[in-house]
Structure formats: structure tokens, C-alpha cells
Amino acid sequence: MRYVMFVCGDGTEPEVDLQAATEAWVAEMDGRGIRKTGDRLRPVADATTVRVRGGEPLVTDGPFAEGTEVIGGFDLLECADLDEALEVAGKHPWAAYGGVELRPVWEWLGA
Amino acid sequence: MRDAVEEAVAAAFRDEWGQVFATVVGLVDDWELAEDCVADAFAAALPAWRRDGVPRRPGAWLTVAARNRARDRLRRAGVEQRKLAEVASMPDPEPLPPTEFPDHRLELIFTCCHPALRPEARVALTLRTLTGMTTAEIARAFLVSEPTMAQRLVRAQRKIRNAGIPYRVPPAHLLPERTAGVLAVLYLLYREGYASSTDELVRAEVSGEAIRLARALVALMPDEPEAVGLLALMLLQEARRAARLDAGGELVLLADQDRALWDDSLIAEGTTLLERALRRGRVGPYQLQAAIAAEHDRGPDTDWREIVRLYDELLRVLPSPVVRLHRAVAVAAVDGPAVALPLVEELAAALDRHHLWHATRADLLRRLDRGAEARSAYAAALDLAPSAAERRFLGRRLACLG
């Protein structure tokens with residue numbers, strides 16, 4: 001099963017530098033053939049949202065949902081089941097600071 | 001009066017639903033479909049058994065009927081051949097020994113209690129899939145409307161499929177944590193049936209189902225001392241059920257209960273189970289709570305010092321304010337209310353929204369002849385108490401203070 005993993009935080013940097021630990025996580029999950037792709041995202045200050053209403057695009061500065069939790073990165077995982085995905089997500093260094101959300105990919109059978 | 005065939009269907013419903021469902025869901029990998037097909041099989045059983053006689057192995061008959069129904073529905077839905085072949089290849093029951101139908105209830109219960117499901121969904125799904133209690137019955141037990149409960153069940157079933165929650169007993173490295181989750185759900189179920197605000201009949205049924213599930217779990221995991229400890233705890237509490245309410249439906253405190261109404265055979269069974277669990281040398285919160293219940297079941301011979309000691313041990317593995325409150329009650333029995341009161345009051349910040357904290361404090365103040373403070377504490381408890389029987393009990397206490 002494929003899962004998109006959203007790495008979430010409150011928009012602030014944790015006090016310790018997680019760069020090395022995150023790279024180690026990426027190396028392990030790439031090595032296990034679980035992580036297919038993924039990247040860190042620029043902060044919400046750089047986000048832009050577009051909504052089309054009545055055929056007219058309405059462009060606004062900022063994220064789609066304003067909240068205290070923000071998505072800081074994503075990874076696409078290929079796992080046997082949710083238990084494996086939870087083990088992988090739980091090992092991500094950000095899980096101990098913010099949280100990691102797992103969303104199953106909506107698979108189109110027969111496509 | 002029910003005739004013999006109706007009795008046979010009712011007995012199969014009670015004894016076989018969980019096992020039939022566990023097998024079918026493992027085959028079709030779709031919880032909603034499995035539930036429909038198992039329900040259809042039970043509906044078909046009555047006319048078929050009237051016509052052909054009650055089968056020698058009703059569970060096997062029902063499993064095959066549900067499997068066939070699932071195969072037909074999948075075929076009509078045009079499901080891929082591989083899946084159909086898998087479902088169709090399940091053996092027919094009659095010529096085969098019973099071992100050909102392995103018991104999948106352990107897979108089922110671990111899946112129902114998966115931490116990715118909401119706690120209330122875990123409890124409802126465990127009841128629905130393992131006991132065959134209907135959605136309407138479960139809704140009544142949890143005081144929600146039937147559509148609300150139906151939606152809760154469907155959402156959980158869909159999440160199992162869509163989120164990829166595996167249908168299995170977890171591997172060794174996850175087993176301790178997940179077993180604790182299963183035990184928590186069963187105990188929550190039991191407590192719901194023991195102390196919820198629904199009527200006594202519904203409650204007794206939910207507690208009874210929790211005990212039956214705990215028995216099944218112990219049979220499936222005989223080496224897990226906490227599972228045995230949980231069953232012992234349930235039986236040692238269940239033994240006092242008949243004495244908890246008087247003829248008028250009023251709550252009776254442990255100390256005032258009619259000992260003759262206690263069920264000695266349940267006490268004996270619970271005590272034996274507890275000793276068996278403790279011999280394994282891996283003590284845990286359920287075994288300790290069972291040991292406390294066993295000590296209470298000794299009635300007037302209860303050794304309150306031993307209960308304080310057991311609560312101290314319990315606090316080491318389960319350091320919760322509610323456990324500390326119970327310990328304070330035991331301390332009051334040993335050293336008197338003046339020693340216990342400060343132990344209760346230091347829990348104020350954690351428990352002042354909890355009626356038992358106010359009720360315990362009120363009782364200690366009453367015993368210390370601090371009437372005015374006791375009255376306001378009883379009033380606070382009365383405001384927070386969830387069940388009518390508890391509110392009436394607290395109201396009587398308040399009235400006694402004048």
C-alpha cells in the first residue's frame with residue numbers, strides 16, 4: 001500500500017538540529033525500498049492558494065487552511081500495511097517534535 | 001416458547017458468530033461485505049435447518065453459507081478472478097476434521113482493537129464482530145442513537161480496509177503493547193456493563209459478553225498472565241453484582257452488602273485464575289487489581305493493610321490519580337480519616353471534575369464531623385455523578401447530614 005506521509009510541526013524550528021537525523025532516516029528508508037520520494041517544503045510564508053469561483057481565479061497569499069499546525073515536508077511510502085507505515089513514520093525525527101500524519105493513497109483499481 | 005431449531009440458531013448466534021465472522025472477513029478482506037454475508041447466513045439457517053435438520057457442526061455450516069454468499073456477491077460485482085479463487089478454495093466442512101477451520105478470533109480482536117481506530121469504535125466493533133450483538137443493542141448500551149452507532153461501525157470497518165490495518169496477530173515486537181490495548185478494550189467493556197448509566201439488564205448483558213470475550217482470549221493466549229489476570233478481575237467483581245443494588249434499585253456500598261448474595265463459585269474461579277497468573281512471575285496492573293478485588297471478596301476478613309500494600313504496588317506500574325484516590329480510601333480504613341484526608345486533597349487539581357473524588361472527600365469530612373464542608377462536598381459530587389443510582393445515593397447521604 002502507498003501512503004503519503006506529512007511531516008507536521010508548529011512552524012517553528014526545534015531547538016536541536018534534526019538535519020543529520022532526518023538524512024539518516026531518508027537513507028534507511030530509501031535503502032529498505034520503502035521511501036519512493038519526498039522533500040522538505042518551504043514555510044507557509046511562501047505559500048500561495050488559488051480558488052476558482054464562478055470561473056474566476058482568486059489568488060491569496062498563505063496556506064489553504066490557516067492553523068497552528070503546518071506541513072513541513074512529505075514522503076511517499078510503499079508499505080505492506082499500516083503497521084509498517086507506523087513503524088517508518090514513528091522513526092522520523094520530527095515525530096518526536098511535531099507529528100507525522102499518514103494518509104493512504106486512494107488507489108484506482110484496474111487503472 | 002422457542003422450538004428446538006430456534007434454540008439451535010440462537011445458540012449458534014451466541015457461540016459461533018465471532019468465529020464465523022473472523023473466518024469470513026479473513027477470506028473476503030471487506031468488513032462490510034463479511035458482516036452482510038454472515039448475517040444472511042444466520043437468516044438462512046432457520047428455514048434450512050427446519051427443512052434439513054440442525055447440522056452436526058452449525059459453525060461450519062454457517063461459515064460455508066456465508067462464504068458462498070460472499071462468492072456470489074463478489075462474482076456479481078465482477079471482482080478479479082484471483083480473489084474469487086481464494087474465496088472459493090475454502091474447504092467444505094463436512095468431510096474434514098474441525099482443525100480445517102482454524103479459529104481466527106485472535107486476529108479479529110487485535111484488528112478491532114488497533115490503535116489507529118478511535119477508542120469508542122474499538123469497543124463497538126469488538127462487540128459487533130465478536131459477539132454478534134446487534135447495532136441496535138450496542139447503541140442502547142452506549143446511549144447513542146442507532147444511526148450514530150451504525151455510522152461509527154461503518155466508518156471503522158472502512159478505515160480498516162482503506163488505511164491498510166492488517167488482519168493478524170501482531171508480530172512479537174508489537175505484541176506487548178497491542179495486547180495491553182486489547183485488554184484495555186475488554187476491561188472498558190466490562191466496566192461499561194458494570195457501572196454505566198443504562199438499565200441493569202443491558203448492562204448485565206455487556207458485562208457478560210466482556211467476560212465471554214476474556215474467556216476466549218485466555219483460551220487463545222493461555223501464557224499471557226495479564227489476560228488471565230483481567231478475567232480473574234472481572235469474575236471477582238462480577239461475583240458481587242447481585243449485591244450492588246438493593247431491591248429498590250439503590251446502590252449498596254461494599255461494606256454494607258449482603259454477603260449471602262455474593263457468588264462464591266465466581267470468587268473461587270477468579271481466585272484460582274489469579275493464583276495461576278501470579279505464578280508466572282510477571283505481575284501487571286490487571287493481576288494487582290484482581291488481587292485487590294480478591295481481598296475485598298473476603299468480606300469481613302478483608303485485610304486493609306494488604307490492600308494498601310497492593311495499591312502501592314499498583315501505583316508503581318499504573319501511577320494514576322484515580323489509583324491514588326482508591327489507595328487513600330484503603331488508608332482511611334487502616335489509619336483513619338484524618339490521615340487519609342490530606343492524601344485525597346492533594347489530588348484536587350487532577351480529580352476535581354470527578355464525582356468519586358468529591359464523594360470520597362465528603363465521606364472523610366463527614367467521619368471527621370466537619371458537617372458543613374462534607375455537605376458542600378456531597379453537593380459537588382451530586383452535580384458530577386453520571387448515574388441516577390449514584391445521584392440518589394449521594395442525595396441520601398446529603399440528607400443524613402441534615
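Q: What makes strand 2 and strand 6 of chain A the edge strands of the open sheet?
A: The four strands are ordered 2-5-1-6 in chain A, with antiparallel pairing. Pairing takes at least two DSSP bridges between two strands, and strand 2 (35–40) and strand 6 (99–104) of chain A each pair on one side only. This is a predicted model: local features need pLDDT of at least 70, side-chain atom pairs count only at pLDDT 80 or more, and totals for chains, interfaces and linings use all residues. Residues are numbered from 1 along each chain as its sequence is written, with chains lettered from A and ligands numbered from 1 in the order in which they are written.

Q: How do you know that strand 1 of chain A pairs with strand 6 of chain A?
A: Count the bridges: six join strand 1 (residues 2–9) of chain A to strand 6 of chain A, running antiparallel. The bar is at least two, so they pair. In strand 6 of chain A, A:Glu101 sits opposite A:Phe6.

Q: Why is helix 20 of chain B called roughly antiparallel to helix 21 of chain B?
A: Helix 20 (residues 371–384) and helix 21 (residues 388–400) of chain B pack at about 165°, axes 9 Å apart. Angles run from 0 to 180 degrees between N-to-C directions, and over 145 counts as roughly antiparallel (under 35 is roughly parallel, 65 to 115 roughly perpendicular, the rest oblique). That's why this pair gets the label roughly antiparallel.

Q: What makes B:Tyr378 and B:Leu394 part of the contact?
A: Contact means C-beta atoms, placed from the backbone, within 7 Å; B:Tyr378 of helix 20 and B:Leu394 of helix 21 of chain B are among the residues making it.

Definitions and conventions
Helix = DSSP H or I, 4+ residues; strand = E, 2+ residues; numbered from the N terminus. Contact = placed C-beta atoms within 7 Å.
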